[in-house]
Each structure stands twice: as C-alpha cells, then as structure tokens.
Amino acid sequence: MFNRIRSYALFGGLCLVLASPSRAVLGIGAHWGADLTLNMPDMEGRYASVEKYLPNVYDAGSVVDVVRSTTGEELTAEQEQILDSVITLIENNQVPALTKQLPMTFNRIDLERTPINFGAKVYVDIIPLLDAVELSFNLGAWEYYGFLLYPRAVDQSIQSVDDIDLSDPSNLSYDDFLTLDTMDLTLEAFEKDFLWFDQTPLLKLQFDLTVRKNILTVPGRMKILKVYAGGGPSVHFTTPVLTEEFVMDVIEETIKETGMDFATLMDPSKFMDKENGLGEKIMRKLLDESMVPKWGMHLVLGTHVKPPILPIGFYGDAKLMIPFGPYNEDAQLEGYGFLFNVGLTVGL
C-alpha cells in the first residue's frame, strides 16, 4: 500500500513539473563583469594653483613660508642666498607663476582595472511587445598611484645665484632651483584597509534599466535559447578622484577648521601624521566622500539559455555604456565603452 501511494505521488509530481512553464515570469540573476569603460589620463607635474581655488586665504608671503618649511632648515650659506634671492622676487611679485602656485604637485598615474566587478539583476520575462524589462547593477573597482611631489631641498647642483637664469623671472619654475621628493598618497602609505588594495582606490557603481526584445528564440515557443537586444537609461556613481581641486578643498577645510597656516599645514614632518596630517585627511575624504551620480544610457546585446523544467538559466551580455559627459571633468575621467557580464539566473 505504501509503495503504491509513493508511486502515485512521484507520478503526480512529475506531471506537475512537466506541466510547468518553460520560462519564468519573474527572474533574478547574479553576474561577474569585465568593465572596460573607465579611462583617465595620468596627471603629473602640475603645480597646485592657490589663486584659482583659494584666493581668500593666500598671499605671496604664504608661499614664501611654505618654501622655507618644505626645504628644511639645513641649508648652506650659498643655498640660503639662492633661496633668499628667489623669495625676494616672489615677494615683489616678479615671478607671477610662483606667486600663484604652491611649491608642490599632486599626481596620479597608472589607472588599472581590478578583477572586482560583480552585480545582479531582476527581470520580468513576459511584457507585451517588449518581451522583458530588467533592472541591473554592477559594482567595479579600479586603483591608481597617487602621490605628492614637494620641495625637499635647494638643488645641490646649483652652487650660487648665478647658476639660475633670473633675467626673465616670468619663466622661473620651482624645478629650476628646488629638488623634489615623493610622498605617497596610497592606502598602503597610511595603513588603511580596503579589500586587498594598496594603491589609491576608485569605485564605480552603476544601475541600468533595460527594455529587451528577443531577436532570436530556439526552439520557437519553448525559447530555450534567446538572443536579445535592447537599451535604456543608466545612472553611475563614482568615488572621488585625487585632483588638484579635491586636494585644495581639503586644504581649505583644514585651514578653516584649525586656523593653521600654509607653512605648518605643508610641513613634511607633519604631513604624514597618521592621525591629523594633511595626507591622512586627503585619504580619509577619498574613502568617506559620497559617490557622485552621473546619468547616461546603454545599449545591450545578449543571450539567455534556460533548459526546460529546471528553474536555473545562464546568460551573457555586452553593454555599450554611453555616459552623458565625463564622470569627473577635472580628472578627465571618462566612462564610454563596453561592459561584459556572464551570470546565472533563477526563475520564480
């Protein structure tokens, strides 16, 4: 009797399974992606413009103090004479470039894509005329090398003021009389933990609303294999980028909060203070600042394979991302290009 009941139950269950639809009305998916969109040129050797970003807290005397504090106190008599001669020109406003710039550059190079790019989607599979509508997201990670170049000493190769061409002060640069040193602005340098990164991180989160139309289904009504195309709006969010404007905002905030002058703020011995130094403030803001949204659109071409009976399917798609302008204009951070996803779906 028990065996007969069990046989009937198995037969009934099999009939229900075979009678179930070959495709789901609602589905969810998870995927891994390869985002080839982000592009950002290197920035090197551009001195920070205080005239542009900090006109209310800057004067020629400030840059003199910064030059003296960053070059240190161990100068020979000849080096002191060289420095004094240039400083006199700065104070008399005879070197326009130097009186408008801090004697340091904030640099970023070597933007690289990491293996981290994952996402998910939810879709409705039976929409009149459209075939499907889906909402998806991707979170990707990049990193680059951010660093500061600052004057550490008067150039040892310059033995006297005569070694500097002062006939046309308007062409004088800090590189002409100072030796620059490197100070890293990276997670490793400030002992900050963020996944397994050790450089300067950049994250991108995007949401895509897609309407899809099947352009091929095999076989006919069962639609085990679907090839589809579509598109729709996108909104992207990126973390801040190390730029001149970003760093100047941190400097301005620090000056207003602490009342600290430029010379103290830029002192290399305090810059790398893991608690309150300017470098720490820059890294903290890079990690804590809210992501900035950017609108755009996308076009997609993909395929979905779902065997009959089983609720599980597999998909792959290629998206052409078209943001409406750069993510970060100052950094020239662009996001136009292709995003490829492969994933697994479960029908509900």
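This report describes the core, the salt bridges, the surface charge and some backbone details of one protein chain.

The model is a predicted one, so the local features described here were taken from residues with a pLDDT of at least 70.

## The nonpolar core

The largest nonpolar core has 41 residues, and those with the most contacts inside it are L102, I251 and I282. Several elements give two or more residues to this core, namely the helices α2 (50–53), α6 (244–258) and α9 (278–288) together with the strands β3, β4 (132–154) and β6 (200–218). The largest share, six residues, comes from α6.

Helix α9 deserves a separate look. Eight of its eleven residues are buried, so α9 is largely enclosed by the rest of the structure. The buried residues of α9 are L278, G279, E280, K281, I282, M283, K285 and L286, a list in which charged residues such as E280 and K285 stand beside nonpolar ones such as L278 and I282. As a general point about such elements, an α-helix has 3.6 residues a turn, so residues three or four places apart point the same way.

## Salt bridges between separate parts of the chain

A search of the whole structure finds eleven salt bridges. The table lists three pairs from the structure, with the distance between nitrogen and oxygen.

| Pair | N to O distance |
|---|---|
| E244 and R46 | 3.6 Å |
| K192 and E280 | 3.0 Å |
| K285 and E253 | 2.8 Å |

The side chains of E244 and R46 form a salt bridge. E244 lies in helix α6 and R46 in the loop between β1 and β2 (47–49), so this pair ties together parts that are 198 residues apart in sequence. E244 is buried, with a relative accessible area of 8%, whereas R46 is partly exposed, with a relative accessible area of 38%.

Two of the buried residues of helix α9, E280 and K285, also take part in salt bridges. For E280, the partner is K192. Because K192 lies in the loop between β5 (178–184) and β6 while E280 lies in helix α9, the pair ties together parts that are 88 residues apart in sequence. The relative accessible area of E280 is 5%, and this residue is therefore counted as buried, a word that here means under 20%.

For K285, the partner is E253. This pair links distant parts of the chain, with K285 in helix α9 and E253 in helix α6, 32 residues apart. K285 is buried, with a relative accessible area of 14%, but E253 is partly exposed, with a relative accessible area of 36%.

Salt bridges can also join into a network, and in this structure K121, E134 and R212 are linked in that way.

## Charge on the surface

On the surface, D42, E44, D110 and E112 gather in a patch of negative charge. One of these residues, D110, has its place in strand β3 (residues 101–124) and is partly exposed, with a relative accessible area of 43%.

## Residues that meet across the sequence

Residues that are far apart in the sequence can be brought together in space, as two pairs show. H31 and G119 are 88 residues apart in sequence, yet their C-alpha atoms are 5.3 Å apart. H31 is found in strand β1 (residues 26–35) and is buried, with a relative accessible area of 7%.

In the second pair, P311 and G27 are 284 residues apart along the chain, and their C-alpha atoms are separated by 9.2 Å. P311 lies in the loop between β8 (292–305) and β9 (312–323) and is partly exposed, with a relative accessible area of 42%.

## Backbone details in the loops

Most residues other than glycine have a negative phi, and most peptide bonds are trans. Against that background, three places in the backbone can be named.

The loop between β8 and β9 also holds I309, which has a positive phi of about 75 degrees although it is not a glycine. I309 is partly exposed, with a relative accessible area of 46%. Q332, found in the loop between β9 and β10 (337–347), likewise is not a glycine and has a positive phi, of about 55 degrees.

The third place concerns a peptide bond: V218 and P219 are joined by a cis peptide bond, with omega about -15 degrees. P219 lies in the loop between β6 and β7 (225–238).

Notes:
Residues numbered from 1 in each chain as written. Predicted model: local features only at pLDDT ≥ 70, side-chain atom pairs only at ≥ 80, totals over all residues. Heavy atoms only, no water. Patch = residues over 30% accessible without salt bridge, like charges linked within 9 Å, V, L, I, M, F, W, Y side chains within 5 Å. Areas by Shrake-Rupley, 256 points an atom, 1.4 Å probe, with all protein chains shown as cover. Salt bridge = Lys/Arg side-chain N within 4 Å of Asp/Glu carboxyl O. Lys, Arg positive; Asp, Glu negative; His and termini not counted. Charge placed at Lys NZ, Arg CZ, Asp CG, Glu CD. Helix = DSSP H or I, 4+ residues; strand = E, 2+ residues; numbered from the N terminus. Buried < 20%, exposed > 50% of the residue type's maximum accessible area, 1.4 Å probe, protein only. Core = buried A, V, L, I, M, F, W, Y, C linked by side-chain atoms within 4.5 Å.
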